[in-house]
Amino acid sequence: MAIWLFKSEPFKFSLEDLKNSPDQTTTWDGIRNYQARNLIRDEIKVGDTVLFYHSRCEPPGVVGIAEVTSEAYPDYTAWDPKSDYYDKKSKESAPTWLMVDVRYEKDLPQMVSLKQMKENPELEGLMVTRRGARLSIQPVSEAHYEIILKMGGLS
DNA sequence: GCCAACGTTGGC
DNA sequence: GCCAACGTTGGC
């Protein structure tokens, strides 16, 4: 079972929004990057753990834990011309973009900021701490995950 | 198939 | 709001 870091801009969709969603579950739609799409298609499985990360805010960081609750399926927002995520390349017969469902699990008692993660030498190699790591879905190792939980007040 | 131009992400 | 880093597009 793998661990992932999912980025979200809290003014668009926050951990709080996830908690308040029906069934505390949402479709993780709008992924429009091939590397992230390939992770969704090939690597991400039901039951995988998600570190919910708030980006483009002060401070950015991991705020909670969620769980993947579906296999990959077509991101239908790509077919909706009114959607911000509309992409005419994606056909219903051959969907370009995929998504999974994600369910709220818990808040971290204390958020773990990007700054803290960068300052912790035990997290060396963690993708999100690297400069220019724009990928919105990133793999996280079990060891790094345990450290982040501890930093967030869980263990 | 190269690569310059452009658009977006996201920390600061 | 700035701008570095990166991904994508499109002319050639």
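The exercises below, each with a worked solution, concern chain A of a predicted model.

**Exercise 1. Overall build**

Find how many helices and strands chain A has, and state in what pattern they follow one another along the sequence.

Solution. Begin by counting the elements, which gives 4 helices and 8 strands in chain A. Next, walk along the sequence and write down each element as it comes, and the pattern reads β-α-β-α-β-β-β-β-β-α-β-α. To judge the compactness, take the radius of gyration, which is 15 Å and close to the 15 Å that the globule rule gives for 155 residues, so chain A is as compact as a globular protein of that length. As a last step, look at the extent of the chain along its principal axes, where the C-alpha atoms fill a box of roughly 45 × 30 × 30 Å.

**Exercise 2. The sheet**

Work out in which order the strands of the open sheet lie, and explain why one side of S2 and of S8 is left without a neighbour in the sheet.

Solution. The open sheet is formed by 6 strands, and their order is S2-S7-S4-S3-S1-S8, with mixed pairing. Strand S2 (25-27) and strand S8 (137-140) stand at the edges and each has a single partner strand, which is why one side of each is left without a neighbour in the sheet. Neighbouring strands of this sheet are, on average, turned by 40° against each other when direction is ignored.

The mixed pairing can then be followed from strand to strand. Strand S3 (residues 49-54) and strand S4 (residues 61-68) run antiparallel and are joined by 6 bridges, and His 54 stands opposite Gly 61 in S4. S1 and S3, by contrast, run parallel, and 6 bridges join them, while S1 pairs with S8 in the antiparallel sense over 4 bridges.

**Exercise 3. Strand S1**

Decide whether the residues of S1 are buried or exposed, and name the partners of Leu 5 in S3 and S8.

Solution. A residue counts as buried when its relative accessible area is under 20%. By this test 6 of the 6 residues of S1 are buried, so the strand is largely enclosed by the rest of the structure. Now sort the residues by direction: Ile 3, Leu 5 and Lys 7 point one way from S1, whereas Trp 4, Phe 6 and Ser 8 point the other way. For the partners of Leu 5, look to both neighbouring strands, and you will find Leu 51 opposite it in S3, while in S8 the bridge partner of Leu 5 is Gln 138.

**Exercise 4. Helix H4 and Asn 120**

Establish which strands helix H4 lies across, which of its residues are buried, and with which residues Asn 120 is in contact, leaving aside its neighbours within four places in sequence.

Solution. Helix H4 (residues 142-151) lies across strand S1 (3-8), S3, S4, strand S7 (101-113) and S8, and runs at about 60° to S7. The buried residues of H4 are His 144, Tyr 145, Ile 147, Ile 148, Leu 149 and Met 151, and what covers them includes S1, S3, S4, S7, H3 and S8. Just after H4, Gly 153 takes a positive phi of about 95°.

Turn now to Asn 120, which lies in the loop between helix H3 (114-119) and S8. Its relative accessibility is 14%, so Asn 120 counts as buried. Once its neighbours within four places in sequence are left aside, Asn 120 is in contact with Ile 147 and Met 151, and both of these are among the buried residues of H4.

Conventions. Residues are numbered from 1 along each chain as its sequence is written. Chains are lettered from A and ligands numbered from 1 in the order in which they are written. This is a predicted model: local features need pLDDT of at least 70, side-chain atom pairs count only at pLDDT 80 or more; totals for chains, interfaces and linings use all residues. Side-chain values use heavy atoms; hydrogens and water are left out. Two strands pair if DSSP finds at least two bridges between them. Helices (H or I, at least four residues) and strands (E, at least two) are DSSP runs, numbered from the N terminus. Axes are lines fitted to C-alpha atoms, for helices over the stretch in contact, and angles run from 0 to 180 degrees between N-to-C directions. Contact means heavy atoms within 4.5 Å. The radius of gyration is taken over C-alpha atoms; the globule rule is 2.2 Å times the number of residues to the power 0.38. Buried means under 20% relative accessible area, exposed over 50%, partly exposed in between (1.4 Å probe, protein chains only).
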